[in-house]
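Hi,

Here is the structure I promised to pass on. Have a look first, and my notes on what I found follow below.

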Amino acid sequence: MVVHVGLLPLSSSCLPSLPRLPRLSSTKHRTFAMAVVSEDPVREWILSEGNATQITRISPVGGGCINRASHYDTDAGSFFVKTNRSIGPSMFEGEALGLGAMFETGTIRVPKPFKFGPLPTGGSYIIMEFIEFGSRRSNQSVLGRKLAEMHKAGKSEKGFGFEVNNTVGSTPQINTWSSDWIQFYGEHRLGYQLQLALDQYGDSTIYEKGQRLVKSMGPLFENVVIEPCLLHGDLWSGNISSDKNGEPVILDPACYYGHSEAEFGMSWCAGFGGSFYSSYFEVMPKQPGFEKRKDLYMLYHYLNHYNLFGSGYRSSAMSIIDDYLRMLKA
């Protein structure tokens with residue numbers, strides 16, 4: 001989603017080399033911890049579990065409109081901190097779980113999450129690894145291969161969904177587990193956004209036509225084997241970068257386990273080229289009907305942008321729905 005805040009490049013002159021990252025306290029299912037409220041929980045964690053004895057500088061990081069971002073320089077390395085003064089810890093819990101799940105695949109680089117929790121005056125925070133970005137864009141071929149490796153490695157025995165509900169941008173994303181991908185995508189992705197459009201704008205036309213599509217989209221998945229794959233969930237150009245060694249980095253996720261093709265739902269503003277797809281499909285072979293389903297996965301994000309930013313995105317969503325209704329004769 002195009003307003004997601006991310007780790008933005010900072011001048012390398014103000015970044016010390018990173019030492020060994022502090023270990024993250026863990027439980028069986030979660031590789032991070034939620035903090036108990038203290039007067040300054042960010043500073044408290046950095047000066048204890050973060051292995052620092054002093055914070056030498058705190059610098060604002062611009063570029064986002066949902067959260068406030070800061071770069072903490074310390075004598076034990078650098079940390080990236082996001083805070084939100086109006087939203088509780090559940091949003092950052094979803095982000096931390098997603099980053100942790102992607103990190104544990106050992107495939108594509110993501111910031112390692114360390115801690116999230118409530119702020120004493122309201123709102124919440126998350127502390128994660130600071131990654132120094134390089135000056136050039138990530139290699140498309142390497143990005144495609146690494147993303148496919150993550151999809152191949154990140155599997156779930158619980159089906160389609162995620163451990164918690166999270167957000168795509170600031171929109172709630174429902175991740176209730178399901179064994180049926182078509183049902184999951186129809187209800188928790190398209191159906192949820194269509195209901196928002198009805199509730200928010202009274203848009204009965206897009207709601208009714210969209211529901212017809214949901215009920216009729218089964219044939220688009222004929223002869224397709226769909227396994228739950230770990231998805232970033234909001235992969236557009238603003239959430240893709242590269243580290244100082246040129247390795248791709250992805251961040252600000254809206255993770256869940258879903259059909260691998262759903263990862264390309266934001267491709268209309270991700271800039272994926274031919275080398276990206278070629279490398280991706282070498283690891284995750286293209287399935288029958290891929291081209292016919294591409295717009296179906298874009299529809300979710302067009303609807304989300306319609307609900308977040310208004311009528312400028314309605315025509316794109318409506319056009320996709322109408323095209324599918326004609327194709328499916330629904």
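**Salt bridges and helix packing**

Let me start with Arg109, which counts as partly exposed because its relative accessibility is 31%. Before going further, please keep in mind that this is a predicted model.

Arg109 pairs up with Glu129 in a salt bridge, and the closest N and O atoms are 2.7 Å apart. Arg109 sits in the loop between helix 2 (90-104) and strand 5 (113-118), while Glu129 belongs to strand 6 (residues 124-129), so the bridge ties together parts that are 20 residues apart in sequence. Unlike its partly exposed partner, Glu129 is buried, with a relative accessible area of 5%.

The count for the model comes to 17 salt bridges. The background is familiar to you: side chains of opposite charge can pair when their charged atoms come close.

Another one I picked out is Arg57 with Asp73, where the closest N and O atoms are 3.7 Å apart. This pair links distant parts of the chain, with Arg57 in strand 2 (residues 55-61) and Asp73 in strand 3 (residues 68-74), 16 residues apart. Arg57 is partly exposed at 40% relative accessibility, whereas Asp73 is buried with a relative accessible area of 4%.

Then there is Glu247 with Lys146, a salt bridge at 3.9 Å, N to O. Glu247 is in the loop between strand 10 (240-242) and strand 11 (248-250) and Lys146 is in helix 3, so this bridge ties together parts 101 residues apart in sequence. Here the acid is the partly exposed partner, Glu247 having a relative accessible area of 34%. Lys146 has 17%, and it counts as buried because the cut-off for that is under 20%. On top of these pairs, Lys82, Glu95 and Asp252 are joined into one network by salt bridges that share partners.

Now for the helices. Helix 3 (residues 140-153) and helix 6 (residues 274-283) have axes that come within 7 Å and cross at roughly 30°. That makes helix 3 roughly parallel to helix 6, because angles under 35 degrees fall in that class. The crossing of helix 3 and helix 6 is right-handed. On the helix 3 side, the contact includes Leu143, Gly144, Leu147, Ala148 and His151. From helix 6, the residues in contact are Ser275, Phe276, Ser279, Tyr280 and Val283. By class, this contact has six nonpolar, six polar and three charged residues.

What is the handedness of the crossing of helix 4 and helix 7? That crossing is left-handed. Helix 4 (residues 181-201) packs against helix 7 (residues 290-309) at an angle of about 25°, with the axes 9 Å apart, and the two helices are therefore roughly parallel to each other. Among the contact residues of helix 4 are Trp181, Tyr185, Leu190, Leu194 and Ala197, and those of helix 7 include Leu296, Tyr297, Leu299, Tyr300 and Leu303. By class, the contact of helix 4 with helix 7 has 13 nonpolar, four polar and one charged residues.

If you want one place to begin browsing, try the bridge between Glu247 and Lys146, since Lys146 lies in helix 3, and helix 3 is also one of the two helices in the right-handed crossing.

Cheers

Terms used:
Residues numbered from 1 in each chain as written. Predicted model: local features only at pLDDT ≥ 70, side-chain atom pairs only at ≥ 80, totals over all residues. Heavy atoms only, no water. Axes fitted to C-alpha atoms, helices over the stretch in contact; angles between N-to-C directions. Helix = DSSP H or I, 4+ residues; strand = E, 2+ residues; numbered from the N terminus. Parallel < 35°, antiparallel > 145°, perpendicular 65-115°, else oblique. Left-handed = near helix turned anticlockwise from the far one by under 90°. Contact = heavy atoms within 4.5 Å. Nonpolar A, V, L, I, M, F, W, Y, C, P; charged D, E, K, R; others polar. Salt bridge = Lys/Arg side-chain N within 4 Å of Asp/Glu carboxyl O. Buried < 20%, exposed > 50% of the residue type's maximum accessible area, 1.4 Å probe, protein only.
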